[in-house]
Amino acid sequence: MSKMQVVSDLTNLKYLYDKVSLGKIINRNLKELIKNPEFCFDDEINNMNNIRNSILTEQYKGLNMNLLNLYKEYLFYFETFKRKKLLKDKKKIYTNDIFEKNKKLEYELEEENIIILYNIGYITSYMVKEKKSLNDIKLLNKISTEAIEIFNYMFQHMNELKLQELNDINCISCYIFLCITLGYHENMFYNTAMMKKYKRKLLAKLSFNIYTYFNEALCCLQGDMLPIFKQSDNFTIARNNLQYIRNPNSYLYNFVQVNKQIFISISNYHYSLKYVQLSDMEELKVTKYEEDKIGEILCRLNFSLINVNRGIELCKKYNINVNFLSLKEKIMKLLDFFEYENKNIYFEVVPDYDNLESIKGTQVTFMKNIEICDIYIKKNISNNLKLLFNEKAKYIYDSYNNQALPLYEYYNKHFLNLKDQYELLNISHRKDILLLLNNSILNIFSKKKQIYNPIHYDNHLTFLSSVENNLKDILIEADNYLTIEHNNHLEFQKFI
């Protein structure tokens with residue numbers, strides 16, 4: 001059985017090195033692109049700077065959930081400003097190559113979202129490995145699914161030219177990561193099926209799924225353009241940029257090749273046993289088998305043994321830690337039994353492997369096409385960012401602006417006028433006038449309260465609210481005066 005590895009075992013975290021003047025960059029672009037002096041993002045830029053600085057510190061402490069969440073928070077701010085082209089900068093910054101240690105790569109600030117996305121996928125993949133010892137299948141499945149969705153998002157968007165590519169993170173490398181993550185994910189299903197002693201046919205299908213993922217990853221490493229790739233020019237550029245890992249002597253190349261061979265071996269091993277009845281699963285004591293299938297059984301077991309031996313040779317040559325011995329012993333034991341049976345009883349001609357019925361997989365993983373908003377974390381989003389990021393909010397903002405300012409000016413004008421007249425009115429008539437004014441303001445104010453109110457117009461709403469409260473206070477005061485006047489009038493009547 002193969003000792004599966006996750007993406008984080010085969011690549012490196014992509015470090016952020018340089019401190020960047022985010023405020024200067026965003027504000028410079030803001031002046032050029034958005035002709036609105038009211039748009040100011042000082043608080044948001046400060047938050048983004050703080051998160052980036054926290055990442056610069058945290059990334060040297062090792063992979064952990066805090067670093068993962070920091071990247072997800074940073075991604076929100078990055079995507080928000082990038083969508084409005086506010087992160088354009090001429091200065092190049094540096095990071096490391098994810099495959100070659102000590103190799104530095106240049107990139108532009110606008111391309112940092114690719115690094116952030118990759119690191120989120122990378123750390124999520126690492127978390128799968130970290131949580132494996134908990135034996136919590138649901139949790140492992142959830143985290144593993146997240147890693148799949150992130151690498152699938154990156155691959156799909158690069159494949160459709162919706163996301164930029166770096167030399168080391170491109171459509172090919174992302175598809176390789178996706179295949180490895182899918183292989184690990186389905187290996188969990190396979191292990192569960194083995195523990196529950198499911199039928200051999202299903203075990204053959206599950207192991208064939210895993211073989212398929214590693215076979216496609218190996219095709220990419222060998223430079224073959226699979227039908228899933230849509231842009232031939234981009235594929236060629238990406239392939240040429242990955243010479244280091246495409247080298248047949250590289251660890252990643254041979255890790256993929258070893259897993260391809262072991263899982264096609266396991267698949268054929270299980271497929272051959274679907275015709276066999278065993279009394280002891282561990283000792284492999286055959287009690288019954290389909291005699292007319294002995295030729296196919298021998299062919300599949302021989303094919304499995306050939307692939308196991310190739311895998312063992314590769315592991316020794318490239319120091320890959322995979323233990324094939326148990327599987328090899330089982331295959332050889334069954335081969336000895338069926339070769340003896342065929343030699344002494346059936347004399348069947350063993351067919352060529354290519355002439356056998358092809359093994360087919362079964363779909364157990366359903367990849368959901370996610371959006372960027374499913375990856376990042378949003379915390380305390382200001383109205384400024386909502387307006388920048390959300391066209392609908394911007395429309396409501398403008399609509400409110402067109403209605404609120406004239407309304408404010410109208411109320412202010414008439415309120416001041418009425419206030420002057422109020423001083424001249426007899427106290428017994430003031431209450432009616434105030435009630436009328438109060439009710440009209442409250443009616444319109446309650447309607448405006450229901451409209452989306454960006455923070456820029458909170459002061460107008462506050463004003464209207466204070467008008468309401470002041471009018472209530474005046475009404476109470478007027479009512480008290482009227483009561484006192486009435487009481488005084490009654491007292492005066494007593495003396496007459």
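Colleague: How do you know that the span of helix 5 (residues 112-131) agrees with its 20 residues?

Modeller: The expected span is 1.5 Å times one less than the number of residues, so helix 5 should cover 28 Å. Its end C-alpha atoms lie 28 Å apart, which agrees. By the way, this is a predicted model, where local features need pLDDT of at least 70, side-chain atom pairs count only at pLDDT 80 or more, and totals for chains, interfaces and linings use all residues. Residues are numbered from 1 along each chain as its sequence is written, and side-chain values use heavy atoms, with hydrogens and water left out.

Colleague: What makes helix 5 largely enclosed by the rest of the structure?

Modeller: Look at how many of its residues are buried (under 20% relative accessible area, with a 1.4 Å probe and protein chains only). In helix 5, 16 of the 20 residues pass that test, so the rest of the structure largely encloses it.

Colleague: Where is Cys 220 found, and is it buried or exposed?

Modeller: Cys 220 sits in helix 8 (residues 200-221); a helix here is a DSSP run of H or I with at least four residues, numbered from the N terminus. The relative accessible area of Cys 220 is 0%, so it counts as buried.

Colleague: Which residues is Cys 220 in contact with, leaving aside its neighbours within four places in sequence?

Modeller: Contact means heavy atoms within 4.5 Å. The partners are Ile 172, Tyr 175, Ile 176, Leu 226, Phe 229 and Arg 246. Take Ile 176: it is 44 residues away from Cys 220 along the chain, but their C-alpha atoms are separated by 7.2 Å.

Note on methods: Helices (H or I, at least four residues) and strands (E, at least two) are DSSP runs, numbered from the N terminus. Buried means under 20% relative accessible area, exposed over 50%, partly exposed in between (1.4 Å probe, protein chains only).
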